[in-house]
Amino acid sequence: EAQSKNLKLVFVTGGPGSGKGTQCNKIVEHFGFEHLSAGELLRAEQNSDGEIGKMIKGLINEGKLVPSEMTVKLILNAMSKCSNNKILIDGFPRNDENREVWDRVAGLKPEFIIFITSSEEVMQNRLLSRNEGRDDDNLETIRKRFKLFNEQTLPVIKHYESIAAVQKVNLQNLNIWYTFGFPQLLNLYC
Ligand code: AP5
């Protein structure tokens, strides 16, 4: 079905507070993509009744990853409801297990990957001062999220560099998203 829809898939990655959600909103506005956030899908699920909701909540608040089978299932379910063939998946993949399960279950290659970077100091300040702060935006959990990003997500981004275009953008001091390369890439590929 994905083939027949001529699917254009873009993964958006970056550390906690790097601005993935913020940039995705702009891409949606200017390029007509649909935005799916792994974190948002999991946060919606954590509010569901029962053990699974409780487990997801516990993992997110500990700054740990939710099992990949569950995350991939939620993403694919959300994708099946998209009428748009251009989809951004924000916060995915985060580790090698995410990638392995995605390749096995979804089998869809991204057109390219947007990798947003910033210093930890800047990202931490953004998270701590975010309006309507989240439960996982406390110093202890933020540090765990950074550690996990450095240890597990960076290697998986490295892996993608060998099989797909990875557009790295530093948005530490600027919010001028359109001066960077990824709008050009979006035009080129999508
Ligand atoms: P997720 O929701 O993806 O959290 P995150 O990666 O920690 O990123 P954030 O959403 O906190 O930040 P962001 O990069 O989107 O920045 P934002 O635009 O909001 O995941 C949460 C949890 O879910 C994970 O820890 C894990 O437990 C689980 N999970 C998620 N994906 C998973 C997966 N694939 N597998 C398993 N588990 C998974 O911006 C942050 C703030 O900064 C905002 O206030 C914004 O206004 C401001 N800001 C943004 N950009 C700028 C800028 N350029 N200048 C100034 N301020 C800016």
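**Entry 1: H4 and H5.** I looked up the handedness of the crossing between helices H4 and H5, and it is right-handed. I am working on a predicted model, so every value below is computed, not experimental. For the geometry, I took H4 as residues 68-80 and H5 as residues 96-106. Their axes come within 9 Å and cross at roughly 50°. I therefore noted H4 as oblique to H5, since the angle falls outside the roughly parallel class, which is under 35 degrees, and outside the roughly perpendicular class of 65 to 115.

Next I listed the residues that make this contact. H4 contributes Ser68, Glu69, Thr71, Val72 and Leu76. From H5 come Glu97, Asn98, Val101, Trp102, Val105 and Ala106. Sorted by class, the residues of the H4 contact with H5 are six nonpolar, three polar and two charged.

**Entry 2: H2 and H3.** I then checked the packing of H2 with H3. The axes of these helices are 8 Å apart, and the angle is about 130°. I entered H2 as oblique to H3, because an angle must be over 145 to count as roughly antiparallel. The crossing of H2 and H3 is left-handed.

On the H2 side I found Leu42, Arg43, Glu45 and Gln46 in the contact. On the H3 side I found Gly53, Ile56, Lys57 and Ile60. The class count for the contact of H2 with H3 is three nonpolar, two polar and three charged residues.

**Entry 3: the ligand shell.** Which residues are closest to the ligand? I read off Pro16, Gly19, Gly39, Gly91 and Arg126, out of 31 residues that surround the ligand. I also asked which elements give two or more residues to this shell. They are helix H1 (20-31), helix H2 (38-46), helix H3 (51-61) and helix H6 (120-128). H2 and H3 thus appear in my notes twice, as shell elements and as a packed pair. By class, I recorded 13 polar, eleven nonpolar and seven charged residues around the ligand.

**Entry 4: the whole chain.** Last, I went over the fold. I counted eight helices and five strands in the protein chain. Their order along the sequence is β-α-β-α-α-α-β-α-β-α-α-β-α.

For overall dimensions, I noted that the C-alpha trace spans about 40 × 40 × 30 Å along its principal axes. I compared the radius of gyration of the protein chain, 16 Å, with the value near 16 Å for a compact globule of 190 residues, and the two agree.

Notes:
Residues are numbered from 1 along each chain as its sequence is written. This is a predicted model: local features need pLDDT of at least 70, side-chain atom pairs count only at pLDDT 80 or more; totals for chains, interfaces and linings use all residues. A residue is near a molecule or strand if its C-beta atom, placed from the backbone, lies within 6 Å of it. Helices (H or I, at least four residues) and strands (E, at least two) are DSSP runs, numbered from the N terminus. Ala, Val, Leu, Ile, Met, Phe, Trp, Tyr, Cys and Pro count as nonpolar, Asp, Glu, Lys and Arg as charged, and the others, Gly among them, as polar. Axes are lines fitted to C-alpha atoms, for helices over the stretch in contact, and angles run from 0 to 180 degrees between N-to-C directions. A crossing is left-handed if the near helix is turned anticlockwise from the far one by less than a right angle, and right-handed if clockwise. Two residues are in contact if their C-beta atoms, placed from the backbone, lie within 7 Å. The radius of gyration is taken over C-alpha atoms; the globule rule is 2.2 Å times the number of residues to the power 0.38.
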